[in-house]
Amino acid sequence: MNNMTTPVLEARDVTMRFGGLTAVRSVDFTVNSGEIVGLIGPNGAGKTTFFNCLTGLYIPTEGTVSYKGTVLPPKPHLVTMAGIARTFQNIRLFANMTVLENVLVGRHTRTKEGLWSALLRGPGFKKAEKASEERAMELLEFIGLADKRDHLARNLPYGEQRKLEIARALASEPGLLLLDEPTAGMNPQETRATEELVFAIRDKGIAVLLIEHDMRFVFNLCDRVAVLVQGEKLVEGTSEVVQADERVIAAYLGEPFEGAPGEAEAAEVAAAEAQNASTKGDAQ
Ligand SMILES: Nc1ncnc2c1ncn2[C@@H]1O[C@H](COP(=O)(O)OP(=O)(O)OP(=O)(O)O)[C@@H](O)[C@H]1O
Ligand SMILES: [Mg+2]
């Protein structure tokens, strides 16, 4: 069997509604093993909401998410245990813990001892500690933060905090890594280094799905790119295909185009407003 085409992640018909707002609409989405896939789209397109549906943070209003052929229960720790790890658009580290401790916390789903034992350093933890620490140090070497193992997370420069989040995510030994804007706030050198890092992660056999606004980064890295607009998947294909699609440019510029996602709703709203205005006019 060709390993390149085995699906790691399969989202089927995923919809997420918040009251009257449909943030994600009937999205089908696949990530295959060995792939780096990009998810792009204007602000508010529903990218982070979609990640939250994939990782059990949100229970999708409709649809299913499968990892390696098994439907995932929408519970974050079960999703992590199954093999999906993520980073957050707004960095979520334990600010007052050291770099090494942050990575050790990321390992708790893979150790018998569990989170509290890791945090409280109970007797079970001490036994497992050595092996865990070795693995955590390996990851810090890989990410380039080994020399800062004892620094508090909050004292790291922003770019290094983003890297540490990746190390912590890798500590759960995932088969799929989701990165939400990994280069946000990074300088050009840090962005270049992150590009190399993502390739290196893929070369370890971990599939990567990333959200990013830096288009150069996305088109350099990704085997495939999907464009989300108003919660709908507008276009999906290679970097070349996506860059050549004029609907993508129109969507980013906020220009109307035929068949644009949300077009029907926008027309309804406009019609209602026009109706409203004319009724008001009659009353005057
Ligand atoms: N918990 C929530 N409750 C209500 N509305 C929400 C919630 N989370 C997201 N939304 C709405 O869903 C839409 C999509 O937001 P989302 O954060 O997924 O966009 P995004 O594509 O990640 O944008 P950005 O590029 O700015 O990060 C927005 O209109 C947002 O206000
Ligand atoms: Mg977002």
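Me: How do the residues of the shell around ligand 1 divide into nonpolar, polar and charged?

Reply: Ala, Val, Leu, Ile, Met, Phe, Trp, Tyr, Cys and Pro count as nonpolar, Asp, Glu, Lys and Arg as charged, and the others, Gly among them, as polar. In this predicted model, the shell around ligand 1 holds six nonpolar, seven polar and two charged residues.

Me: On what conventions do such statements rest?

Reply: Residues are numbered from 1 along each chain as its sequence is written, while chains are lettered from A and ligands numbered from 1 in the order in which they are written. Because the model is predicted, local features need pLDDT of at least 70 and side-chain atom pairs count only at pLDDT 80 or more, whereas totals for chains, interfaces and linings use all residues; side-chain values use heavy atoms, with hydrogens and water left out.

Me: Which residues come nearest to ligand 1?

Reply: A residue is near a molecule if one of its heavy atoms lies within 4 Å of it. Of the 15 residues around ligand 1, Gly-44, Lys-47, Thr-49, Gln-89 and His-213 come nearest.

Me: Which element gives the most to the shell around ligand 1?

Reply: Helices (H or I, at least four residues) and strands (E, at least two) are DSSP runs, numbered from the N terminus. Helix α1 gives the most, with three residues; β2 (21–32) and α1 each supply at least two.

Me: What polar contacts does ligand 1 have with Gly-46, Tyr-58 and Gln-89?

Reply: A polar contact is a pair of N or O atoms within 3.5 Å. A backbone N or O atom of Gly-46 lies 3.0 Å from an oxygen atom of ligand 1. For Tyr-58, a polar side-chain atom is 3.1 Å from a nitrogen atom of the ligand, and for Gln-89 a side-chain N or O atom is 2.8 Å from a ligand oxygen.

Me: Which protein atoms are donors of the magnesium ion (ligand 2)?

Reply: Donors are N, O and S atoms within 2.8 Å of the metal (3.2 Å for Na, K and Ca); water is not among the atoms, so sites may look incomplete. Here the protein donors are Thr-48 (OG1) and Gln-89 (OE1), 2.0 to 2.2 Å from the ion. The pair links distant parts of the chain, 41 residues apart: Thr-48 is in helix α1 (residues 47–54), and Gln-89 is in the loop between β6 (84–86) and α3 (99–106).

Me: How accessible are Thr-48 and Gln-89?

Reply: Buried means under 20% relative accessible area, exposed over 50%, and partly exposed in between (1.4 Å probe, protein chains only). Thr-48 is partly exposed at 26%, and Gln-89 is partly exposed at 32%.

How values were computed:
Polar contact = N/O pair within 3.5 Å; in protein donor to acceptor, adjacent residues only side chain to side chain.
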